[in-house]
Amino acid sequence: MSDTTTRPVDHTGGDGAYGDTVVFQPEPEAADTQAEATAKRGSWSRDLRFMLVVLVAIAALFLAFALVVAFSPDASGIAALAIVAAPIATMVAAYYGISLALRQVAEARRSADAADARARAAETSARESDAWAAQMESGLRVAVAKLEAARIETRDVQRAAGTPDDFF
């Protein structure tokens, strides 16, 4: 990383006691397992709610069909059954669509959080790599300066380091 470009530093994620270096504390594993258990329980309760809505709708349609058969099994009764069945089927389909959309939003939010965590980890790794590279460059400069002070040829060291000719 050159001196002219810098990475933005987010001091909200760490304790900020190290200047530009932000140290992220490891998250406890109990929170992860608790979040997974809550997600599983939430998913299970959503499935149970949907199953309950479908069962209530089936029971209502069965009751409507039984009433049509019991009182007037003619064309007007079947039309009345269609009038009753259509809104029930529409409500079940709407409930399913809404619950599916909410589930997709929750999954998208979880994947966005995971991507954010990966980005933070990559940024931390990049900072560590930059710091390591700066230390290695500094060590190389010191070594070359000491070799030159001792009047020892440094061309082989410079070639081994892979530096350009005008680097030092």
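# Exercises on a predicted helical chain

Arg-151 is exposed, with a relative accessible area of 76%. The model used in these exercises is predicted.

## Exercise 1. Backbone at Arg-151

Determine where Arg-151 sits and what is notable about its phi.

Solution.
- Step 1. Arg-151 belongs to the loop that joins helix 2 to helix 3 (155-161).
- Step 2. Arg-151 follows helix 2, and its phi is positive, near 60 degrees.
- Step 3. Most residues other than glycine have a negative phi.
- Step 4. Arg-151 is a residue other than glycine with a positive phi.
- Step 5. For exposure, the cut-off is over 50% relative accessible area. Arg-151 has 76%, so this residue counts as exposed.

## Exercise 2. Overall composition

State how many helices and strands the protein chain has, and what share of its residues is buried.

Solution.
- Step 1. The secondary structure amounts to 3 helices and 0 strands.
- Step 2. Along the sequence, this gives the pattern α-α-α.
- Step 3. Of the 168 residues, 10% count as buried.
- Step 4. The accessible surface of the chain is about 12,900 Å², and carbon and sulfur atoms account for 64% of that surface.
- Step 5. Considering contacts between residues at least 6 apart in sequence, 48% join residues at least 24 apart.

## Exercise 3. Length of helix 2

Check whether the end-to-end distance of helix 2 (residues 75-149) agrees with its number of residues.

Solution.
- Step 1. The expected span is 1.5 Å times one less than the number of residues.
- Step 2. Helix 2 has 75 residues, so the expected span is 111 Å.
- Step 3. The end C-alpha atoms of helix 2 are 109 Å apart, which agrees with the expected value.

## Exercise 4. Annotated transmembrane regions

Compare the spans that UniProt annotates as "transmembrane region" with the secondary structure of the model.

Solution.
- Step 1. The unreviewed UniProt entry places this feature at residues 50-72 and 78-102.
- Step 2. Residues 50-72 are 96% helix and 0% strand, with end C-alpha atoms 32 Å apart.
- Step 3. Residues 78-102 are 100% helix and 0% strand, with end C-alpha atoms 36 Å apart.

## Exercise 5. A contact between helices

Identify the residues that Ala-57 contacts, leaving aside its neighbours within four places in sequence.

Solution.
- Step 1. Ala-57 is part of helix 1 (residues 29-71).
- Step 2. The relative accessible area of Ala-57 is 10%, so Ala-57 is buried.
- Step 3. With those neighbours left aside, Ala-57 is in contact with Ile-88 and Val-92.
- Step 4. Ile-88 and Val-92 are among the buried residues of helix 2, a list that also includes Gly-77, Leu-81 and Ser-99.
- Step 5. Ala-57 and Ile-88 are 31 residues apart along the chain, while their C-alpha atoms are separated by 6.2 Å.

## Exercise 6. Salt bridges

Find the salt bridges, and describe the spacing and accessibility of the residues involved.

Solution.
- Step 1. The count comes to 3 salt bridges.
- Step 2. The pairs and the separations of their closest N and O atoms are:

| Pair | Closest N and O atoms |
|---|---|
| Asp-116 and Arg-120 | 2.7 Å |
| Glu-123 and Arg-127 | 2.5 Å |
| Glu-137 and Arg-141 | 3.1 Å |

- Step 3. Asp-116 and Arg-120 lie in helix 2, 4 residues apart. Glu-123 and Arg-127 also lie in helix 2, 4 residues apart, and so placed are Glu-137 and Arg-141.
- Step 4. An α-helix has 3.6 residues a turn, so residues three or four places apart point the same way.
- Step 5. Side chains of opposite charge can pair when their charged atoms come close.
- Step 6. Asp-116 is partly exposed at 38% relative accessibility, and Arg-120 is partly exposed at 35%.
- Step 7. Glu-123 is partly exposed at 28%, whereas its partner Arg-127 is listed as buried.
- Step 8. Glu-137 is partly exposed at 35%, and Arg-141 is partly exposed at 34%.

## Exercise 7. A nonpolar surface patch

Name the residues that make up the nonpolar surface patch of about 380 Å².

Solution.
- Step 1. The patch is made by Leu-48, Met-51, Leu-55 and Ile-58.
- Step 2. Met-51, one of these residues, is located in helix 1.
- Step 3. Membership in a patch requires over 30% relative accessible area. Met-51 has 43% and counts as partly exposed.

Note on methods:
Residues are numbered from 1 along each chain as its sequence is written. This is a predicted model: local features need pLDDT of at least 70, side-chain atom pairs count only at pLDDT 80 or more; totals for chains, interfaces and linings use all residues. Side-chain values use heavy atoms; hydrogens and water are left out. UniProt positions are given in the numbering used here, feature names are shortened, and annotations may be inferred rather than shown by experiment. Helices (H or I, at least four residues) and strands (E, at least two) are DSSP runs, numbered from the N terminus. Buried means under 20% relative accessible area, exposed over 50%, partly exposed in between (1.4 Å probe, protein chains only). Contact means heavy atoms within 4.5 Å. A salt bridge is a side-chain nitrogen of Lys or Arg within 4 Å of a carboxyl oxygen of Asp or Glu. Patches are made of residues with over 30% relative accessible area and no salt bridge: like charges are joined within 9 Å, nonpolar side chains (Val, Leu, Ile, Met, Phe, Trp, Tyr) within 5 Å. Accessible areas come from the Shrake-Rupley method with a 1.4 Å probe; for residues, only the protein chains shown count as cover.
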